[in-house]
Amino acid sequence: MPRSTSNVDKKQGFVKKNLGMDAEALKESFVHHLEYSLGKDDYSSTLQDCYAGIALTARDRLIERWIKTQQTYHKKHVKRIYYLSLEFLIGRTLGNSLINLGMYDEASRAMRELGYSLEELREKEWDAGLGNGGLGRLAACFMDSLATLEMPAVGYGIRYDYGIFFQNIKNGYQVETPDNWLRLGNIWEFPRPEFSYLVKFYGRVEGYQDAEGKTRRRWVDAEDIVAMAYDTPVPGYNNNTVNNLRLWSAKSTREFDLNYFNDGDYIKAVSAKSVSENITKVLYPNDNNFEGKELRLKQEYFFVSATIQDIIRRYKNEHADFSEFSNQVAIQLNDTHPAISIAELMRTLLDQECLPWEEAWGITVKTYGYTNHTVLPEALERWPVDLMARVLPRHLEIIYEINRRFLDELAVLFPGDQAMLRELSIIEEGPSKKVRMANLAIVGSHSVNGVAALHSDILKATLFKDFYRAWPEKFNNKTNGITQRRWLKLCNPGLASLIDERIGNGWTLDLFDLKKLEPLARDAAFQKKWSGIKKANKEFLAEYILQRNNIVINPDSMFDIQVKRLHEYKRQLLNVLHVITLYNRIKDNPGKDFVPRTVIFAGKAAPGYHMAKLIIKLINSIGELVNADPDVGDRLKVVFLRNYAVSNAEKIIPAADLSEQISTAGTEASGTGNMKFALNGALTIGTLDGANIEIMEEVGRENIFIFGMDAEEVTALKNSSYNPLQYYNENAELRRLIDQIGSGYFSKDNPSLFKPIVDSLLYHGDTYMLLADYASYVACQEKVSDAYKNKSRWLEMSILNTARMGKFSSDRTINEYASDIWDVKPVSIQI
């Protein structure tokens, strides 16, 4: 009897069976992998093995789509987006892959029928240590949207052996331990040794004459390191597209230093090789205060050098010259970290491809787009010239020539304006000359965008105002977004199911579809279901906190949450001042009816950022006092959750009632945590900063709690000699709590422990103006408490926040990049 060819794909004489997506097929694949991929059976397998089994099962179903996607891009000669980012904070991959493949429920059923819990197995996956904060999480959301929108794209970054660090809390202090996230391997990555490239450092530059008698420059006597590719599939939602995330790992070359061998020192020769691999060992923390560290510069150049070589290899496979390069390649810089790639592309086109300068520069500018992520001047990368001259001598030459031509062009446009030339020069003059990487990124790109309307306005008005005068056409705004697949469908399945039940699931691909919830905002039956889901999420988080922190919290209390990287401009300390205010009021009026609150903090401080780490200690010291005070009871609890990461954000955000977005106006570029909380029905208390403004415009001023100065008022107050002592002296409640902090009320064993915090507020300028905004913040928090008492109104506001979040999908953001900057069109993948 002939073999059936239904549901099979014939290629080159082989018959390949398509993999099923139903529970029975998944069980079969799981059992197969447990035995043949992992060498285990029912008796010897651990939960870690079972996680690996279901992960391999899901991965199998990505691979055919992944290969077909890459083949289609190649055959159709499509223009591709190359997204360069030093961080990709992707979190855990299993759940997201199952959601995007459309088989989460079937996988859950399959595991249940085999006696396992899919949710329990997902907990065995370690968060990928590839990012730190918002910039890396944005890159991960963008990769999800690019694949979902069927955009031909490759993400490029670094495969860090260790993440930023694992945060423990001991005696209230942050203690950093290594985040060895790869210690059990990474099921989702595929090593690609065939895509390995030499990356050079140090050496010198010499001139020579080529065969045509032209004088050229070349980089010689350099040290070589190998960059090896590791690929991770990134699936789109409900389609066949699987794009590629390619990360580079440093490997030593096969050559040893012969000098060590000649001296008979084999161990030293091996050690020298291992040192070269340190480049990708660890992710640098971001404390928004740039320091020019040599290893960081080497990391940045390492990944862009390998990336440019890879892009050019792919382009030259199909093209004999570079006339079509910018029509086939769009490179987007996620902040200034990859900006050295502009000089690297120029070096490649000039020194290796022998293009004339004008042609090479024209190609480069048409190819690059630059996304800025900060309004803080101190956070902009500025590399010492002498460091770059030593590490990347040819690139410094090229940057000087770019700068010379640029300044000549400016001098024609703005004759006699020497101040403008000094301001815009890529080289910062002074006792120690610096290379301004943001200036290089602007000069070398055809597009410069901010990530929220206010942020983009600040770039044009202050930070890059003279660049805007010279090139207004380069500047545009692309407000950030988040992927609703992870940040609602995956992390809040109860709410997602309720939404699907009432309006369908169109919102997973078009978030504006949530508008259909608006008529339900005052529906009592719908509110009851909405409230029940929030209560269940809060009970889940309460149990998580009990297990992690041994603190019992009341699920009926308002969950007031601020989770983000610890930095003074994000003003966790202002939240702390309000906590102390509540504590004092409860102590002063123990019989009064207070709205119960559980104030939850989480976030890492950069290891060298002493003030941020001291604020963590203060939060924990206050929590220790407040949580044990019988006069307070359930009316106030303070919790600091250690080691904030994507996986615990997915537990925290669905449980929030109140989202704290309280940065000083004019300091936060955008924020995306604010979007995640609002999408999950939390109400926002915030300043008119970053994307808060656009969230307010979308949800309505009556459905958000806004306080404090706006960006113009902050600037005006700074310019009028802001005096924090005036606010301290005039507000008795504020004065009392600051005196408590400074006198040892929360640190009786060391009364002066928190004096540096007080000094920073009263005597060192209160840089982020906490005292100026304190009274407005406390008054706004009173409005929050009053609103929370009216359950029906609170639920209406919660539903409307979710319903009006359509603008804040990363799908919308990517569509804007594709049409306005990249000129890239979707490519449908057929299987």
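Three strands form an open sheet in this predicted model, and their order across the sheet is E14-E16-E15, with antiparallel pairing. Strand E14, residues 382-384, and strand E15, residues 427-428, are the edge strands, each pairing on one side only. Strands of a sheet pair through backbone hydrogen bonds, in either a parallel or an antiparallel arrangement. Here E15 and strand E16, which covers residues 434-436, run antiparallel and are joined by two bridges. Two bridges are what a pairing requires at the least, so E15 and E16 count as paired. Within this pairing, Ile 427 lies opposite Val 435 of E16.

The aromatic side chains come next. Across the whole structure, a search returns 27 aromatic pairs. One of them joins Tyr 788 and Trp 794: the ring centres are 5.0 Å apart and the planes meet at 85°, so the pair is edge-to-face. The centres fall within the 6.5 Å limit for a pair, and the angle is over the 60 degrees that edge-to-face requires. Tyr 788 and Trp 794 are both buried. Elsewhere, ring pairs connect Tyr 82, Tyr 156, Tyr 197 and Trp 248 as a cluster.

Rings also take part in contacts with charged side chains. Arg 159 is placed over the face of Tyr 230, 3.9 Å from the ring centre. In another contact, Lys 748 has its charged end over the ring of Tyr 745, at 4.6 Å from the centre of that ring. Both distances are within the 6 Å allowed for a charge over a ring.

Note on methods. Residues are numbered from 1 along each chain as its sequence is written. This is a predicted model: local features need pLDDT of at least 70, side-chain atom pairs count only at pLDDT 80 or more; totals for chains, interfaces and linings use all residues. Side-chain values use heavy atoms; hydrogens and water are left out. Helices (H or I, at least four residues) and strands (E, at least two) are DSSP runs, numbered from the N terminus. Rings of Phe, Tyr and Trp (its six-membered ring) pair if their centres lie within 6.5 Å; planes under 30 degrees apart count as stacked, over 60 as edge-to-face and the rest as tilted. Buried means under 20% relative accessible area, exposed over 50%, partly exposed in between (1.4 Å probe, protein chains only). A charge sits over a ring if NZ of Lys or CZ of Arg is within 6 Å of the ring centre and within 35 degrees of the ring normal.
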